[in-house]
Amino acid sequence: MLQDDNKPAEQQPEPKAPKGYEAFSMLQDLVYMLSIITILFVFFFRLVGVDGSSMYPTFVDKDYLVLESNVLYRNIEAGDIVVMNVPYFESEGPIVKRVIATGGQTVDIDFDSGEVYVDGVRLDEPYTFEPTYESYAAYGMSLDYPVTVPEGSIFVMGDNRNHSADSRFALVGCVDESCVLGKVLLILFPGKQTDQYGTVTGGRQFSRIGAAE
């Protein structure tokens, strides 16, 4: 008897995956994802926490920040916010400050008016809490102005100008670029709101999450 060519061949059942295969596959994908995230945050990005109020109002104590690691971040520019390991603060850990000037530029500060000049041009600094009145002369730790930043170094200050130990403080001075760990990209998780002294005044403002400026 001839086979009817129009009759579909009997379909064979698809083989079933071994028991637990789906769970194993999901676990494998999770391991891959975690590995990629770990590599990114070890070599290309970093997470750091803010300690203190020297960058108020830009950052407050216990803000968590995402950095572009110095593996990628090479071209340091004035206005960048950076995290550094500075010898004077070695026992306290990394500090966060704003770059005011880079190698070859000249910084001058009028501590009576609180104005900062770079290469003779007065800076417009809307990010600061107060004008720059603190020189550290009262502590015998001031610099002689104007200051020309050495090549390969940066002049940094905190945005909370009168409550920040930074390049104005002689024991810190101009910071070698090799001390920079990375550039702050964004606030990942906000700390509780504080005043310029670091005293807690309110809860977390989640609207602050986002790009650092």
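How many helices and how many strands does the protein chain have? The protein chain has one helix and 14 strands. Please keep in mind throughout that we are looking at a predicted model.

Allow me to begin with the chain as a whole. It contains 213 residues, and 38% of them count as buried. The surface that the protein chain exposes amounts to about 13,100 Å², with carbon and sulfur atoms supplying 55% of that area. If we take the contacts between residues at least 6 apart in sequence, 62% of them join residues at least 24 apart. I shall now show several particular pairs.

The next topic is salt bridges. The count for this model comes to seven, and I shall describe three of them.

In one of these, Arg208 pairs with Asp63, and their closest N and O atoms are 2.6 Å apart. This pair links distant parts of the chain, for 145 residues separate the two partners. Arg208 belongs to the loop between strand 13 (200-204) and strand 14 (210-211), while Asp63 belongs to the loop between strand 1 (45-49) and strand 2 (64-69). Are these two residues buried or exposed? Both Arg208 and Asp63 are buried.

Another salt bridge joins Asp80 to Lys183, with 3.8 Å between the closest N and O atoms. Here too the pair links distant parts of the chain, since Asp80 and Lys183 are 103 residues apart. Asp80 lies in the loop between strand 2 and strand 3 (81-84), and Lys183 lies in strand 11 (residues 180-189). The two partners fall into separate classes of accessibility. Asp80 has 9% relative accessibility and therefore counts as buried. Lys183 has 25%, so Lys183 counts as partly exposed.

The last salt bridge on my list is formed by Asp166 and Arg168, whose closest N and O atoms are 2.8 Å apart. Why is Asp166 classed as buried? Its relative accessible area is 0%, and buried means under 20%. Arg168 is buried as well, because its relative accessible area is also 0%.

We turn now to the aromatic residues. A search of the whole structure finds seven aromatic pairs. One of them consists of Tyr88 and Phe169, arranged edge-to-face, with 5.4 Å from centre to centre and 65° between the planes. Where do the two partners lie in the chain? Tyr88 is in the loop between strand 3 and strand 4 (95-102), and Phe169 is in the loop between strand 9 (153-157) and strand 10 (175-176). They are 81 residues apart, so this pair links distant parts of the chain. Tyr88 is partly exposed, because its relative accessible area is 39%, whereas Phe169, at 10% relative accessibility, counts as buried. Both residues belong to one aromatic cluster, together with Phe89, Tyr136 and Tyr139.

A further ring deserves mention. The charged end of Arg98 sits over the ring of Tyr127, at 3.7 Å from the centre of that ring.

Finally, I should like to consider Ala78, which is located in the loop between strand 2 and strand 3. At 46% relative accessibility, Ala78 counts as partly exposed. Which residues does Ala78 touch, if we do not count those up to four places away in sequence? They are Val99, Ile100 and Thr102. Ala78 and Phe155 are 77 residues apart in sequence, yet their C-alpha atoms are 8.9 Å apart in space.

That concludes my presentation, and I thank you for your attention.

Terms used
Residues are numbered from 1 along each chain as its sequence is written. This is a predicted model: local features need pLDDT of at least 70, side-chain atom pairs count only at pLDDT 80 or more; totals for chains, interfaces and linings use all residues. Side-chain values use heavy atoms; hydrogens and water are left out. A salt bridge is a side-chain nitrogen of Lys or Arg within 4 Å of a carboxyl oxygen of Asp or Glu. Helices (H or I, at least four residues) and strands (E, at least two) are DSSP runs, numbered from the N terminus. Buried means under 20% relative accessible area, exposed over 50%, partly exposed in between (1.4 Å probe, protein chains only). Rings of Phe, Tyr and Trp (its six-membered ring) pair if their centres lie within 6.5 Å; planes under 30 degrees apart count as stacked, over 60 as edge-to-face and the rest as tilted. A charge sits over a ring if NZ of Lys or CZ of Arg is within 6 Å of the ring centre and within 35 degrees of the ring normal. Contact means heavy atoms within 4.5 Å. Accessible areas come from the Shrake-Rupley method with a 1.4 Å probe; for residues, only the protein chains shown count as cover.
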